[in-house]
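The following exercises are to be worked with the sequence and the model in view. Each task is followed by a stepwise solution.

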Amino acid sequence: MTRYDITPGARAVLVVQDQIRRAACEVHGASTVETHLEGLPFITRTDIDDPLAGIRAAVAARNVANAEIRRYAEQARGAARTWDEIAEALGIRAADFEELPAILAFLLIAENRPLPFRESFHRLDAWWRCESCGKRVRDHGPFDGHPANNETGHDRLCRRHAADIAASRIEEV
Ligand SMILES: [Zn+2]
């Protein structure tokens, strides 16, 4: 069914709700029921008969969503996207916070990492594979103005990293 009358954001919500309901039925044993909206006997909405199955499916969806946000953010960094661009995609707007969006985006991604990958509680890092040199890069976050100072692990001959270093030298002059 095509829905022309709602925004893309609202349509995305309906798609995710539908998938959670489906998982509640297929994985957690619930069944769908059609309920009538109060005062509107001709309009029905699809619900499930076991709300606890709905909770289980929704928790799984939340955990998957968090993991996917991290995975795509690390992929974006590997493809030379900036923390500012990732902040924009995350819906972090400069006007809403005192901190810079890039720093908030980094903290969100780095803090969401599973514990075994954390170096320590004091030193947060993001890790991603650089598409330019193929090496695993440790990203200390956008705290220093120059990307070249925030990343370790690029290959000695990495063109992306060399360009970042050259750009930071030009700004210093
Ligand atoms: Zn590289």
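**Exercise 1.** In which loop does Ala80 lie? Describe its backbone and its exposure.

*Solution.* The model is a predicted one. Step 1: Ala80 is found in the loop between α2 (51-78) and α3 (83-90). Step 2: its phi is positive, at about 70°, although Ala80 is not a glycine. Most residues other than glycine have a negative phi. Step 3: the relative accessible area of Ala80 is 42%, so this residue is partly exposed.

**Exercise 2.** Identify the protein donors of the zinc ion and determine their arrangement.

*Solution.* Step 1: the donors are Cys130 (SG), Cys133 (SG), His154 (ND1) and Cys158 (SG), at 2.1 to 2.4 Å from the ion. Step 2: their spacing in sequence reads C-x2-C-x20-H-x3-C. Step 3: the angles subtended by the 4 donor atoms run from 105 to 117°; the arrangement is therefore tetrahedral. For four tetrahedral donors the ideal angle is 109.5 degrees. Step 4: Cys130 has 1% relative accessibility and therefore counts as buried, whereas Cys133, at 22%, is partly exposed.

**Exercise 3.** Which residues of the largest nonpolar core touch the most other members? State which elements supply the core.

*Solution.* Step 1: among the 18 residues of this core, Trp83, Ile86, Ala105 and Phe106 touch the most other members. Step 2: at least two residues come from each of α2, α3, α4 (101-111) and β3 (126-129), and α4 gives the most, with 6 residues. Step 3: leaving aside neighbours within four places in sequence, Ile86 contacts Ala73, Ala76, Arg77 and Ala105.

Definitions and conventions. Residues numbered from 1 in each chain as written. Predicted model: local features only at pLDDT ≥ 70, side-chain atom pairs only at ≥ 80, totals over all residues. Heavy atoms only, no water. Helix = DSSP H or I, 4+ residues; strand = E, 2+ residues; numbered from the N terminus. Buried < 20%, exposed > 50% of the residue type's maximum accessible area, 1.4 Å probe, protein only. Donors = N, O, S within 2.8 Å, 3.2 Å for Na, K, Ca; no water. Tetrahedral: all angles 85-135°; square planar, octahedral: opposite > 155°, others 65-115°. Core = buried A, V, L, I, M, F, W, Y, C linked by side-chain atoms within 4.5 Å. Contact = heavy atoms within 4.5 Å.
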